[in-house]
Amino acid sequence: MKKSHLLIAGLLLSSPVFAQKNYLEEPKSAKTQRMQWWHDDTFGMFIHWGLYAVPAGTYNGKDGGAEWIMETHKIPTPEYEKYAAQFNPVKFDAKKWLSIAKDAGAKYIVFTSKHHDGFSMWDSQVTNYDIMDATPFKRDIIKELADACKAAGIKFGLYHSIMDWHHPNANPKLKPAEKPDFAKYRETYLKPQLAELIKKYNPDILWFDGEWISEWTEDQGKDLYNYLRALKPSLVINNRISKARGGMEGMNKYENAAGDFGTPEQEILKTNSQDYWESCMTINNNWGFVKNDQNWKSGETLINNLVDVAAKGGNYLLNVGPTAEGEIPAPSVERLAEMGKWLKLNKQAIYGTNSLTNYKEGDHIRFTQSKDGKTTYAIFNQQDNNELKLSTIQPKVGSKIYMLGVKEPLAWSNTNGTVVVKLPATLPGQYAWVLKIQAENRNSR
Ligand code: FHN
């Protein structure tokens, strides 16, 4: 090819027209491949941590708000900024946090890089309102967490709020000299900070929030999605980069929205879904640390939630809110450890499984299926006189039925489609048990 043609080709290919790939037009097969690890991992640990851990839910003697305390008590920005000088989490130990996540059976974490209060939990080049410049702690928390994730073999995700109560061009309540210029915030602050996070810490997931503000639009979400995927094509990004989710139910209300998965919050879908989705939930009642919130869900409830979510084809993102000293509250650690103990025995029924069209039988039995479709897992949390009756699935004639955690196969019969499985006198572990059954069933995904 002549030099002149090479030059023209070079100019064309470097032009935005050719360079800008539209990741929103990604083929389904490519998305399935990109999302496979995320869907297989099923269980993640959410971490809400920032300046709001200092007041810990109480301001001027009044309770209310956690990570929302600035808004709840209408704390003026200069007043709220003072928490930065008090933020010195001397007990923070990223490796310890990751061992808690790993012991829980979590396969990824999602950490709040910047919540609505606008405080950056890393050494940002576009602001001094960050952990390195504004606090006595002066350690790059996000780098320590990213390194600990790598060492622990756990995927790393970052939560990032589009809404920003601190930035003069993002918070319409502030009266800067000129009218807030949201586009300026988006182009000279939001996007550069996200580019920093990707380039410095290489996250696997970006988890947006605060998209409900009137300044944010679906078109801006699409532009941001393409911008981020161009920086890291393998990124997995939630649907709160767009405007599509309908409130806390979390699933898209219209087609072709930006984002890869739905985000039900504090709730689980009522039925299974062929779309990617992740239910995020607190263990007590708050995302950020609240010293007076001792309303902890039981380990049994959390395990049953995980089973229900997995049977419906979703992921479960369970939150911890560390203290201002940098410690994950003991009641959270205890419950996460119970989940890890259960998963140690029953993990093959959760990780890397698919949802079934008939994902449940009654209120106390859920089903998942192996990827090859040959094995169905019946997960139950109630049984009568050491028997479990099933009619939704039909084991292969002559096949063996096992209980996870029990060596010997179990006796079973099938009379006109009613399968009765004889359970061991002593069941392994607690709260819920798994039968491994060779049964061919129609897969919902
Ligand atoms: O306003 C936030 C809230 O503080 C928390 O971060 C949750 C967790 O997803 N999301 C928003 C409420 O929907």
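Student: How many residue pairs are in polar contact across the interface of domain 1 and domain 2?
Tutor: The rule finds twelve such pairs, with both residues at pLDDT 80 or more, where a polar contact is a pair of N or O atoms within 3.5 Å, one able to donate a hydrogen and the other to accept it within protein, and residues adjacent in sequence count only if both atoms are side-chain atoms. This is a predicted model, in which local features need pLDDT of at least 70 and side-chain atom pairs count only at pLDDT 80 or more, while totals for chains, interfaces and linings use all residues. Residues are numbered from 1 along each chain as its sequence is written, and side-chain values use heavy atoms, with hydrogens and water left out.
Student: And how many salt bridges are there between domain 1 and domain 2?
Tutor: There are two salt bridges between these domains, a salt bridge being a side-chain nitrogen of Lys or Arg within 4 Å of a carboxyl oxygen of Asp or Glu. D40 forms a salt bridge with K371, and their closest N and O atoms are 2.9 Å apart.
Student: Switching to the ligand, which residues are closest?
Tutor: The closest are H48, E67, W68, H116 and D209, among 15 residues that surround the ligand, each having a heavy atom within 4 Å of it.
Student: Which oxygen distances can I look up for E67 and H115?
Tutor: A polar side-chain atom of E67 lies 2.6 Å from an oxygen atom of the ligand, and for an N or O atom in the side chain of H115 the distance to a ligand oxygen atom is 2.8 Å.
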